[in-house]
Amino acid sequence: MATALETLINSLEGIEIITQTTQVAKLSQDYHTFSPVLVPKLEGKVGDIVVRPANEDEVIKVASACVQCKIPVTVRGAGTGNYGQCVPLHGGVILDMSKMQGIPWVKPGVARVEAGVKLAAIDKKARDIGWEIRMAPSTY
């Protein structure tokens, strides 16, 4: 009988899946290592696999499959965070949004972007209309 993880993987044909342990471990981390408080709390926390959707339909397919298989999901944007928000607490799927780098539009004071876009790309697009990101956080 197939495990929940095997069932999940088999249901996601056509979507990029990473199972190589060193790559999964790398993508289970962010820059939380800057924090002496977070390091011991998040030490050894790793996902089981990484799934890298290319569009919204694939995100929905992955999320639905994870719910059906009762597998936890941890979302990872561009991987520039430094607060441990992409570190899985209970294994499961790392939903790596890095392929989703679209910026559908930027208007004065507001933008619509996909989850994997980096702040520098948003800033560059905003400058095209005479605007800029008002602050430059440490994850810029």
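User: In this predicted model, what makes residues of helix 5 count as buried, and which ones are they?

Analyst: Buried means under 20% relative accessible area. In helix 5 (residues 119–127), Ile122, Asp123 and Ala126 are buried, so each falls under that cut-off.

User: How do you know on which side of helix 5 they lie?

Analyst: They cover an arc of only 100 degrees around the axis. That puts them on the same side of helix 5.

User: What covers the buried residues of helix 5?

Analyst: The cover includes strand 5 (105–107).

User: Why are strand 1 and strand 2 called paired?

Analyst: Pairing takes at least two bridges. Three bridges join strand 1 to strand 2 (residues 49–52), so the two pair. They run antiparallel. Ile17 stands opposite Val51 in strand 2.

User: What about strand 3 and strand 4?

Analyst: Four bridges join them, so they pair as well. These two run parallel. Val75 has Leu95 of strand 4 as its bridge partner.

User: What is the strand order in the sheet, and is the sheet open or closed?

Analyst: The four strands form an open sheet, ordered 1-2-4-3, with mixed pairing.

User: Why are strand 1 and strand 3 called edges?

Analyst: Strand 1 (16–18) and strand 3 (73–76) each have a single partner strand, so one side of each lacks a neighbour in the sheet. From one strand to the next, the twist averages 25 degrees.

User: What does helix 4 touch?

Analyst: Helix 4 (residues 56–69) packs on the sheet and touches strand 2, strand 3 and strand 4 (93–96). Its direction makes about 170 degrees with that of strand 4.

User: Which residues of strand 3 are on the covered face?

Analyst: Thr74 and Arg76. Val73 and Val75 form the uncovered face. In a regular strand, side chains alternate between the two faces of the sheet.

Methods
Residues numbered from 1 in each chain as written. Predicted model: local features only at pLDDT ≥ 70, side-chain atom pairs only at ≥ 80, totals over all residues. Heavy atoms only, no water. Axes fitted to C-alpha atoms, helices over the stretch in contact; angles between N-to-C directions. Contact = heavy atoms within 4.5 Å. Buried < 20%, exposed > 50% of the residue type's maximum accessible area, 1.4 Å probe, protein only. Arc of directions from axis to C-beta.
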